[in-house]
Amino acid sequence: MISLLAIAGLVFALDQLTKVWALARLSTAHPVVVVPDLVDLTLVLNPGVAFGIFSWLPVEWRWLVMVFSLAALVLLCSVALRIAPQGGWGSRLALGLVFGGAAGNLLDRARLGAVVDFVDLHWRQYHWPAFNVADSAITVGVILLAAELALSRPPRERPHA
């Protein structure tokens, strides 16, 4: 569990540091081009959940998003307590990434009422929803967990003698 918590703590710290930087240096009106026609940095405050889902909710109902986020974090803790002890390094890494990212975004919601996003991937007129370090960690963690589940073999049953 120590390695899982260390990974989560590292992701959380990196996420929060990059968000502090983004809030201090970026604006919604002036994107900073990193890779022309592909990657910009621009400030987006996302009051919804992933990809802006539920961002249309009126302010007085946004507490639902916070409750949903907190419930997801509690569920993740429950899963981590079951998987991490018998899981290998891959499952601890995956759970640490997801847990650290979820905690980072939850802190944003509690502190600002929205998640700070700032990475804008685009090609021509097509834009991927803006994201942050926490979102990236959650995505990679979920992919690693799914791969581990898909590639793991169930234990063989021994024939009774």
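Hi everyone, let me start with one pair of residues: Val32 stands opposite Leu41 in strand β2. Before we go further, please keep in mind that this is a predicted model.

That pair belongs to the contact between strand β1, residues 32-35, and strand β2, residues 39-46, which run antiparallel and are joined by three bridges. Further along, Val35 stands opposite Val39 in β2. The two strands make a hairpin, with three residues between them. If you look in the turn, you will find Asp37, which has a positive phi of about 60°.

Now let's follow β2 to its other neighbour. Six bridges join β2 to β3, and these two also run antiparallel. One facing pair here is Asn46 and Val115, with Val115 in β3. How many of the eight residues of β2 are buried? Six of them are, so β2 is largely enclosed by the rest of the structure.

Next comes β3, residues 115-123, which is joined to β4 by two bridges, again in an antiparallel arrangement. Here we have two histidines facing each other: His122 stands opposite His127 in β4.

So, putting the sheet together: there are four strands, the sheet is open, and the order is β1-β2-β3-β4 with antiparallel pairing. Which strands are at the edges? Those are β1 and β4, residues 126-127, and each of them pairs on one side only.

On to the helices. Both α1 and α3 lie across β2 and β3. Helix α1 runs at about 80° to β3, while α3 runs at about 120° to that strand.

Let me stay with α1 for a moment. This helix has 24 residues, and from the first C-alpha to the last it reaches 34 Å, close to the 34 Å expected at 1.5 Å a residue. Its buried residues include Leu4, Ile7, Ala8 and Val11. You may like to know that Asp15, Gln16, Thr18 and Lys19 are also on the buried list for α1.

Helix α1 also has a helix partner. The axes of α1, residues 2-25, and α4, residues 133-151, come within 8 Å and cross at roughly 150°. On the α1 side, the residues in contact are Val11, Leu14, Asp15, Thr18 and Lys19, and they meet Val133, Ala134 and Ala137 in α4. By class, that contact has five nonpolar, one polar and two charged residues.

Finally, α4 itself. Its 19 residues should span 27 Å at 1.5 Å a residue, and the end C-alpha atoms are indeed 27 Å apart, so the two values agree. Which residues of α4 are buried? They are Ala134, Ala137, Gly141 and Leu145. Why do they sit on the same side of α4? Because they cover an arc of only 65° around the axis. What covers these buried residues includes α1 and α3, residues 89-112. The face turned away from that buried side carries Ile143, Ala150 and Leu151, which are exposed.

To recap, we have an open sheet of four strands, with α1 and α3 lying across β2 and β3, and α4 in contact with α1. Thanks for listening!

Definitions and conventions
Residues are numbered from 1 along each chain as its sequence is written. This is a predicted model: local features need pLDDT of at least 70, side-chain atom pairs count only at pLDDT 80 or more; totals for chains, interfaces and linings use all residues. Side-chain values use heavy atoms; hydrogens and water are left out. Axes are lines fitted to C-alpha atoms, for helices over the stretch in contact, and angles run from 0 to 180 degrees between N-to-C directions. Contact means heavy atoms within 4.5 Å. Ala, Val, Leu, Ile, Met, Phe, Trp, Tyr, Cys and Pro count as nonpolar, Asp, Glu, Lys and Arg as charged, and the others, Gly among them, as polar. Two strands pair if DSSP finds at least two bridges between them. The expected span of a helix is 1.5 Å times one less than its number of residues. Buried means under 20% relative accessible area, exposed over 50%, partly exposed in between (1.4 Å probe, protein chains only). The arc is that of the directions from the helix axis to the C-beta atoms.
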